[in-house]
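Here are some short exercises with worked solutions to try with the viewer open. Have a go at each task before you read on.

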There are 2 protein chains.
Amino acid sequence: MTQDDRDQRHRQRMERKKTVIDEQIRKATDERGLLLVLTGNGKGKSSSAFGMVARALGHGLKVGVCQFLKSRRDTGEEAYFNRDPGVDWHVLGDGFTWDTQDRSQDIATAERGWAVAEAMLSDSGCQLVVLDELTYLLSYRYLDSGKVLEAIRRRPPMQHVVVTGRGASDALIELADTVTEMRDVKHAFRAGVKAQPGVDL
Amino acid sequence: MTQDDRDQRHRQRMERKKTVIDEQIRKATDERGLLLVLTGNGKGKSSSAFGMVARALGHGLKVGVCQFLKSRRDTGEEAYFNRDPGVDWHVLGDGFTWDTQDRSQDIATAERGWAVAEAMLSDSGCQLVVLDELTYLLSYRYLDSGKVLEAIRRRPPMQHVVVTGRGASDALIELADTVTEMRDVKHAFRAGVKAQPGVDL
């Protein structure tokens, strides 16, 4: 096959692809607040949510972030976004539940955190709400799943919500518009590399 | 089972979990530049890379970003990060290859873009390099895969590199430290929702 043949075949293949994709784009006209769920065991769930925070801020939107598990205040994401007046950032955890080892305390912490999230979910001035690591509070039954899903369902119609964490429930996935399962193919941590600033925190 | 029983069982379970996790953390002592590959068809690859950009900037690191396919200059991520003096941001694409439909032009564009990436990959002052949508340039053979992998392999030892895009090659996955496959469980686009600022761009 000559270079010209290759170029022409490429052009024809790409023309067909363009037709299909243009048609998909033509049909996708709906604009509304989305519920995105980022789950699975792989790296990238919270960082993807924070990438959307940057996108939203770049468009001048207001953003609310609830970090439900983390208690540390030295993460790069908080240092970076918390100085932006467009962000309302809340670190709401007591550490991971295997650190506290105290179920009653964890439930009280979860309830306090959820009150902050509920306020965001009823504020139409807040255009993106990130509920980071919320799934753990549901799978450990620290929060009532029905109550949480109802608050998400009743939020302002143009508000986007991103929920992260392993083990998203079927009910949460059912309610969501976009769901990605981050599959852990390989992780440096298992090869003995510690969590590193800029990558993991 | 009484509340006290439940609390105690929880505590015992969490103690065992803490022992396992503390041991994993104790063993993970290595610090070095990582190669992260975010692939698969699901949403979240580029946004996860941009979340790591925010983390890195929050720790005062210098960051380089190459967007290999995008030609648009109106994304939220660029608007947000480009004003930060810690970021060297390059939009290097001509649009998607099915828009240009011109293989020779795409190859020339890819080579020009790769020269920018190569400069970052040999600059030890740049602590995080994002090669956004690089995989397409490899799978369409616009760039020589051997050359690309060699430049990544020879980078400064403490530099992190994030590669995003569908269809990462076996060779790239083999070289990587951390690989996540973003599995597309559900996508609002297929339900007729258009790409939205703050979520998709």
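**Exercise 1.** Which residue in strand 4 of chain A stands opposite A:Gln67?

*Solution.* In this predicted model, local features need pLDDT of at least 70, side-chain atom pairs count only at pLDDT 80 or more, and totals for chains, interfaces and linings use all residues. Residues are numbered from 1 along each chain as written, chains are lettered from A and ligands numbered from 1 in written order, and side-chain values use heavy atoms, without hydrogens and water.
- Start with the elements: helices (H or I, at least four residues) and strands (E, at least two) are DSSP runs numbered from the N terminus.
- Strand 2 (residues 63-67) and strand 4 (residues 128-132) of chain A run parallel, paired over five bridges; pairing takes at least two DSSP bridges.
- The partner of A:Gln67 is A:Asp132.

**Exercise 2.** Find the order of the twelve strands in the open sheet.

*Solution.*
- Read across: 3(A)-2(A)-4(A)-5(A)-1(A)-6(A)-6(B)-1(B)-5(B)-4(B)-2(B)-3(B), with mixed pairing.
- At the edges, strand 3 (87-91) of chain A and strand 3 (87-91) of chain B each pair on one side only.
- From one strand to the next, the twist averages 10°, using lines fitted to C-alpha atoms (for helices, over the stretch in contact) and N-to-C angles from 0 to 180 degrees.

**Exercise 3.** Is B:Gln196 buried or exposed?

*Solution.*
- Locate B:Gln196 in the segment after strand 6 (178-186) of chain B.
- B:Gln196 is buried because its relative accessibility is 3%, where buried means under 20%, exposed over 50% and partly exposed in between (1.4 Å probe, protein chains only).
- Leaving out residues up to four places away in sequence, its contacts include A:Glu31, A:Arg32 and B:Leu201, with heavy atoms within 4.5 Å.
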